[in-house]
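Student: Could we go through this model together, beginning with its open spaces?
Tutor: Certainly; please bring it up on the screen.

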Amino acid sequence: MKKIIPLILGLFLVVSCSKNNPEEIIEENLDSQKILSIEEINSFIETQLKQNGDLDWANDASAHMLYSAVMHGGEVLTIGFGEKGESFIEGTERSSRLNTIVEDIYVAVQKSEGEKRSNFQITEDDLLNVLDLKVTKLETIEELLAMDNIRYLEPNGYGFYLQEEVQQKSAGCSQSGQSINSADYSVISPNARLPWNYKNHNIDDAWSLSTGAGITVGLIDTGLSANQNLLGNGFNDGASNGRSVQRFGTFIDSPWWWSNNVDGPNDKCGHGTQMASAIASPRNNDFMPVGVAYNSNLVAYRGTEDVVLNDYHERKGVSNALKALGNRSDVKIISMSVGYPWSIGNVKDAVKYAYGKGKMIMAAGGTSTTFTNWYGVIFPASMSETVAVTGLKDNGYNRCDICHDGSKIDFTIIMQRASNTSRTVPVLGFNNGSQSYVGGSSVATAMTAGIAALVWSRNPNMSRAQVLDKLKRAGEFYPNRNSKFGYGNIDALKAVQ
């Protein structure tokens, strides 16, 4: 199911939770309750982003605005409940206090909607304090806004922001192989290609001390290509050995919220395959690009269709992947080169859950096109629980031509030729024997996750905070912090020493 969206802002029609035609449902509701247009909602969104850098629907939007966005977004309302910061269940089960809050919500919605609970309940999360409900009336929104113990209310199916401007974009997807300029790699033993920018970060020198062995990196992206053997049965090719790759899927490829048919782990976009390559491609004997942590384990989740989390099932898929990786004791690092311009409640709660389990979460600072280059660091890189990364050209601290920067960036990676912006980082292609270039803050994030794996492998008893401190101390600006680029470029050799 192809979406037409850009590298970080896009659109996807998530239709009504009724199985009728969504246009018919909107028309029916227009007869009874005035719904603001998509243009009016988008104007509100842009104003909030420019003024506040984020969007809090419950506090920034009127009941009418929120209701309209819910109706245009398939009638799905996501509710985060509990006290501020109470993102997930502590212990083995939800407390009686939280259960009372949930019951109060159900009673209020049942009264205003005039429906049985089974007709409006979509999901009640098993770990997060989150509900997804079908809402069709303005009065329901007004009732919920007036209640205590509501952390957020969000139209989780709304994905129309900047619809007109982004129809021609690919959302980071590419399955085409490319010819790699011979100046953009060197050949190392046994017969692997070392990407040109590794030397800018002393990654190949760091390998004398650590190759990532014994560390498992989790990747949440678009999955792994079933056609790329070096991320499958050939994961232990060449000098890479004794490690494993696993793949899972949490994304449901459907416009209907009631669908529960998980689409599987295999990449249909190409982006996840590229990120996996940058993190952990084997030091192979096939003249293919090697990954930063070529002896690390990899657990890849297909949590999204592409890099833009503007779809109900993508947000749910990423949230579920975060919870699953959070629950794995072997996973130390989670790499997320996906995101959205503003915070998404159920993803934010899941990030906090995984963070609470001790995971180091790397997140892309943002990759965009000229019509959104005013926007700063995207979500979830904007969260304090994540490590935000962006990309630079090879001519000093100049961000790549589609990269974001800002005060929330923690680290930078050189990943683009200033002389030719099409020459970025060589990685494995979608198909066996193919290669491609990949750029933006996406590949910068994946490489930083790989460097973190090198550090943790060298220091297996360190805590997350200690590993992060090692990365900071290896940053070019340390002990200072740059207002746009954090601690700057990481020296991988210094980090592992």
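**Pockets, cavities and a sheet**

Tutor: The second largest pocket holds about 360 Å³ of space. A pocket is an open set of points on a 1 Å grid over the protein atoms alone, with protein on both sides within 12 Å along at least five of seven lines, and lining residues have an atom within 4 Å of a point. Grid points are joined across faces, edges and corners, and a volume is the space filled by probe spheres set on the points.

Student: Which residues are the closest to its centre?
Tutor: Asp56, Arg151, Tyr152, Ser343 and Lys348 are the closest, out of 20 lining residues. At least two residues of the lining come from each of α3 (57-60), β4 and α11 (345-356). Helices (H or I, at least four residues) and strands (E, at least two) are DSSP runs, numbered from the N terminus.

Student: How does that lining divide into nonpolar, polar and charged?
Tutor: There are six nonpolar, five polar and nine charged residues in the lining of the second largest pocket. Here Ala, Val, Leu, Ile, Met, Phe, Trp, Tyr, Cys and Pro count as nonpolar, Asp, Glu, Lys and Arg as charged, and the others, Gly among them, as polar.

Student: Before we go on, what kind of model is this?
Tutor: It is a predicted model, in which local features need pLDDT of at least 70 and side-chain atom pairs count only at pLDDT 80 or more, while totals for chains, interfaces and linings use all residues. Residues are numbered from 1 along each chain as its sequence is written, and side-chain values use heavy atoms, with hydrogens and water left out.

Student: How many cavities of 30 Å³ or more are there?
Tutor: The search of the whole structure finds four; a cavity is a set of points where a 1.4 Å probe fits but cannot get out. The largest cavity has a volume of about 70 Å³. Its lining consists of Trp57, Glu154, Pro155, Asn156, Tyr158, Arg315, Trp342, Ser343 and Ile344. Ser343 is thus named for this cavity and for the centre of the second largest pocket.

Student: Now the sheet: in what order do the four strands lie?
Tutor: The order is β2-β3-β1-β4, in an open sheet with antiparallel pairing. Two strands pair if DSSP finds at least two bridges between them. The edge strands, β2 (121-124) and β4 (150-154), each pair on one side only.

Student: What joins β2 to β3?
Tutor: A hairpin does, through five residues. Three bridges also join β2 to β3 (residues 130-134). Within β3, Leu131 is the bridge partner of Glu124, and Leu133 stands opposite Gln121.

Student: Which helix packs on the sheet?
Tutor: Helix α10 (residues 312-326) does, touching β1 (76-81), β2 and β3, and its direction makes about 20° with that of β2. Contact means heavy atoms within 4.5 Å. Axes are lines fitted to C-alpha atoms, for helices over the stretch in contact, and angles run from 0 to 180 degrees between N-to-C directions.

Student: Where are the cis peptide bonds before Pro380 and Pro479?
Tutor: One runs from Phe379 to Pro380, with omega near 5°, and Pro380 lies in the loop between β11 (360-364) and β12 (386-393). Another joins Tyr478 and Pro479, with omega about 10°; Pro479 is in the loop between α13 (464-473) and α14 (492-496).

Student: What is phi of Asn149?
Tutor: Phi of Asn149 is near 65°, a positive value, and the residue is found in the loop between α7 (138-145) and β4. Most residues other than glycine have a negative phi.
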